[in-house]
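Work through the exercises below with the sequence and the structure open. Each one sets a task and then solves it in steps.

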Amino acid sequence: VYDDLKVRVRAYFKDRGISHKETWGAWARHIGFTAVLIWALLAWSEGAWWSLIAVPWAYWLGCSHMMHTGSHFALSHVEWVNILGAYMGSVHVSLHDWYHQHVIGHHSHTNLAQRDPDLEHFAHADEEGPGFRLHSEQRMLTKYLGWRWAMPMQAFFTTLGPSLINQVSYWRKRAFFNVPFLHTSRARVVMHVLGRLAVVAFLVGVPAYYLPWYKAIPFAILPIGFHGYIYYCFSQVSHATVNANGHGGEAECAEREWAVHQVLHSIDYEADSLLWNVLSIGLNCQTIHHVFPQVATTHYAALSHIMVDVCKKHGIKYTLLPSFRAAWTAHVAHVCGLNDRSPEAIEADAAAGAASDAASEGSGSSSDAASA
């Protein structure tokens with residue numbers, strides 16, 4: 001499948017004599033949204049209420065887009081342009097953490113329990129507080145019955161948590177959930193810490209200096225919280241849905257071609273729509289992105305037709321939903337199906353988990369004894 005896709009995609013760019021990186025039109029949008037962001041930030045510093053919505057949207061459409069695309073080196077053939085673009089999204093998340101969470105963890109182990117860090121964001125299995133699970137292999141807890149109110153709360157912290165709140169936890173464990181921080185130089189750690197402190201100083205310091213305290217508090221918290229809502233909505237519908245799950249665990253996935261796994265565990269919607277491509281920063285064509293992350297998002301609509309043809313040829317299920325609303329409905333149905341469980345079902349899951357742990361310990365003991 002991947003070989004066929006590569007041949008078709010390379011022919012697409014060669015026949016048209018175009019690069020697979022960003023077009024001039026896409027660069028104009030990046031620059032335009034960044035200009036809107038600067039204007040909105042000036043209004044934000046002056047206490048304009050409309051800026052609480054304008055700032056997160058402008059940041060998402062400009063800086064978050066460049067961060068995501070640049071981290072995959074898809075903005076340009078020039079290395080430093082990609083790196084600079086990726087750093088533009090540093091308020092969204094530290095680039096160090098993003099590489100571990102997204103580029104290394106999520107893209108390598110998409111939708112695999114205990115491996116894909118994106119499945120762990122909202123579970124909070126070993127912590128106090130609300131949560132919900134995104135995968136059937138995650139442990140079911142009684143508190144997940146409250147997913148209906150946990151979801152909007154957790155969504156608010158989708159940016160704020162990884163960017164700032166969870167930093168102590170990540171560095172205490174030297175890992176982004178299940179992705180370890182390896183070969184991180186002391187200079188890189190210092191740079192990371194200074195970057196996080198700069199984000200806090202800006203988000204808190206500017207409102208505190210220019211605005212009265214009762215206004216400074218919401219102006220410090222709400223923009224990054226609203227960005228979290230945007231990020232949650234567009235990211236979760238791409239993988240955490242009834243359409244992109246249920247294709248087997250790690251053992252089954254190991255038997256599949258890598259590209260087939262990416263296709264089965266991603267969904268697209270409104271693939272031909274420029275509007276949704278811009279609003280979702282290309283996440284509406286998640287399947288193409290996961291198979292060809294080095295290709296800029298502006299080409300996804302055209303390449304999605306190649307994806308349809310190749311998947312049909314090889315008999316691979318490719319999921320294209322008609323709208324964002326359909327994708328969101330599929331996500332909510334997925335979360336509901338995993339977390340709306342009766343107490344009896346929870347007890348049964350707990351018993352099964354305990355039995356599995358006991359069997360694993362017994363197997364380990366037997367192996368140790370045999371080795372001895």
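The exercises deal with aromatic pairs, cavities and pockets in this predicted model.

**Exercise 1. Classify the pair formed by W57 and F234, and state where each residue sits in the chain.**

Solution.
- Step 1. A search of the whole structure gives 25 aromatic pairs.
- Step 2. In the pair of W57 and F234, the ring centres are 6.4 Å apart and the planes stand at 75°.
- Step 3. Centres within 6.5 Å make a pair, and an angle over 60 degrees makes it edge-to-face. The pair of W57 and F234 is therefore edge-to-face.
- Step 4. W57 belongs to helix 3 (residues 51-71) and F234 to helix 9 (residues 213-236), so the pair links distant parts of the chain, 177 residues apart.

**Exercise 2. Decide whether W57, F234, Y269 and W276 are buried or partly exposed.**

Solution.
- Step 1. The cut-off for buried is under 20% relative accessible area, and partly exposed lies between that and 50%.
- Step 2. W57 has 31%, so W57 is partly exposed. F234 has 5% and is therefore buried.
- Step 3. Y269 and W276 form another edge-to-face pair, at 6.2 Å centre to centre with 75° between the planes.
- Step 4. Y269, at 0%, is buried, whereas W276, at 21%, is partly exposed.
- Step 5. These four residues belong to one aromatic cluster, which also includes W60, Y231 and F324.

**Exercise 3. Describe the largest cavity by volume, lining and residue class.**

Solution.
- Step 1. The whole structure holds 4 cavities of 30 Å³ or more, and the largest cavity has about 300 Å³ of space.
- Step 2. The largest cavity is lined by 26 residues, of which H102, H106, D118, Y231 and S235 are the closest to its centre.
- Step 3. At least two lining residues come from each of helix 3, helix 5 (95-108), helix 9 and helix 13 (286-291).
- Step 4. By class, the lining of the largest cavity has 10 nonpolar, 14 polar and 2 charged residues.

**Exercise 4. Find which helix gives the largest share of the lining of the second largest cavity.**

Solution.
- Step 1. The volume of the second largest cavity is about 70 Å³.
- Step 2. Its lining includes E22, R29, H30, H65 and N277.
- Step 3. Helix 2 (24-45), helix 3 and helix 12 (274-279) are the elements that give two or more residues to this lining.
- Step 4. Helix 2 gives the largest share, with 4 residues.
- Step 5. The classes are 4 nonpolar, 5 polar and 2 charged residues.

**Exercise 5. Set out the volume and lining of the largest pocket and of the second largest pocket.**

Solution.
- Step 1. The largest pocket has about 850 Å³ of space. Its lining numbers 30 residues, with E120, H124, A125, E127 and F177 the closest to the centre.
- Step 2. Helix 6 (147-165) and helix 7 (167-173) each supply at least two residues of this lining, and helix 6 has the largest share, 7 residues.
- Step 3. The lining of the largest pocket divides into 12 nonpolar, 11 polar and 7 charged residues.
- Step 4. The second largest pocket has a volume of about 270 Å³. Among its 16 lining residues, L41, Y59, V91, F202 and L203 are the closest to the centre.
- Step 5. Helix 8 (186-210) supplies 4 residues, the largest share of the lining of the second largest pocket.
- Step 6. That lining has 13 nonpolar and 3 polar residues, and no charged residues.

Notes. Residues numbered from 1 in each chain as written. Predicted model: local features only at pLDDT ≥ 70, side-chain atom pairs only at ≥ 80, totals over all residues. Heavy atoms only, no water. Phe/Tyr/Trp six-rings, centres within 6.5 Å; stacked < 30°, edge-to-face > 60°. Buried < 20%, exposed > 50% of the residue type's maximum accessible area, 1.4 Å probe, protein only. 1 Å grid on protein atoms, 1.4 Å probe; cavity = no way out; pocket = protein on both sides within 12 Å on 5 of 7 lines; lining within 4 Å. Points joined across faces, edges and corners; volume = space filled by probe spheres on them. Nonpolar A, V, L, I, M, F, W, Y, C, P; charged D, E, K, R; others polar.
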